Amino acid sequence: MNHVPNPWRNLRQLTPARIALGRAGTSLPTEAQLDFQFAHAQARDAVHLALDTDELAAQLEQRGYRCLHLRSAAADRNTYLQRPDLGRRLSDESAERLNDHAQQHPSGYDLAIVVADGLSALAVQRHVLPLLQRIEEQIQKDGWSLAPLSLVQQGRVALGDEVGERLKAKMVVMLLGERPGLSSPDSLGLYFTYDPKVGRTDADRNCISNIRLEGLSYNLAAHRLIHLMREACRRQLSGVNLKDEAEVLSLDDGTPKAGNFLLS
């Protein structure tokens, strides 16, 4: 059957969305069907792929970071996917490890960074290192003390609050793989909380999502995070009451423009 092209095909150059695919009779063309199946397989693999924390820790330590290896209360990947509640708290052994570390550093830290596999270990493997480099540059400029990096297996967003509380950190940043989409199996999410404590809700956190080469750049993500951290320290809060009003550079002329069009 002949493939009937879609007259809107040129629009595909402007978006990764599946538009203007054409048709063969009343069905999609074979190429579009195979592309969809491949994207679906990538998304499934991203969810089930295990994060190699040993390799990641070795890369981080080569760059001067100290790392703490932790686990959530989810014993394995299948449990993690079926019991989200277990991914939101530390295992007993990991909690004790953080308590021991906190006893040796009673003054606490300004910032704790937690790296977890989330729902895409692929995102963590690809994007955490370059993003951390951009964040670290600003942390050093502001003089914030940084806790050892916490590398967590089978972790979800809320677990970062427990890590931050046990380390007596003023702020916590959680980096983890987001739920894969059919065009983005490696999207990294960033969650920021001021005064982290067990029991915080999503309303107490700020989220910066879609951090990847085809999405939000490392530089812009770091820029927005640092703005949120500075404002959080000044106002002593985070979440829905802390808006992202960071200025971003225009791609056209480099002049500052409002980062949130709803607030401009």
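Two strands are taken to pair if DSSP finds at least two bridges between them. Helices (H or I, at least four residues) and strands (E, at least two) are DSSP runs, numbered from the N terminus. The structure is a predicted model, in which local features need pLDDT of at least 70 and side-chain atom pairs count only at pLDDT 80 or more, while totals for chains, interfaces and linings use all residues. Residues are numbered from 1 along each chain as its sequence is written, and side-chain values use heavy atoms, with hydrogens and water left out.

Strand 4 (residues 109-118) and strand 5 (residues 149-153) pair in the parallel sense over 3 bridges. Within this pairing, Ala116 has Val152 of strand 5 as its bridge partner. Between strand 4 and strand 5 the chain passes through helix 6 (residues 121-142), and this β-α-β crossover is right-handed; that is, with the strands pointing away from the viewer, the path from the first strand over the helix to the second runs clockwise. Strand 4 also runs parallel to strand 6 (residues 169-177), to which 8 bridges join it. Gly177 in strand 6 is the bridge partner of Gly118, and Met174 in strand 6 stands opposite Val114. Of the 10 residues of strand 4, 10 are buried (under 20% relative accessible area, with a 1.4 Å probe and protein chains only).

These strands belong to an open sheet of 6 strands in the order 3-5-4-6-7-8, with mixed pairing. Strand 3 (67-71) and strand 8 (205-211) are the edge strands, each pairing on one side only. On average, neighbouring strands of the sheet are turned by 20° against each other, direction ignored. Axes are lines fitted to C-alpha atoms, for helices over the stretch in contact, and angles run from 0 to 180 degrees between N-to-C directions.

Helix 6 lies across strand 4, strand 5, strand 6, strand 7 (188-194) and strand 8, and runs at about 165° to strand 4. Helix 6 also packs with helix 2 (residues 53-62) at an angle of about 15°, the axes being 11 Å apart. The two helices are therefore roughly parallel to each other (angles under 35 degrees). Helix 2 passes helix 6 in a right-handed crossing, the near helix being turned clockwise from the far one by less than a right angle. In contact (heavy atoms within 4.5 Å), Leu56, Gln59 and Leu60 of helix 2 meet Val124, Leu129 and Leu132 of helix 6.

Definitions and conventions
Buried means under 20% relative accessible area, exposed over 50%, partly exposed in between (1.4 Å probe, protein chains only). Angles under 35 degrees count as roughly parallel, over 145 as roughly antiparallel, 65 to 115 as roughly perpendicular and the rest as oblique.
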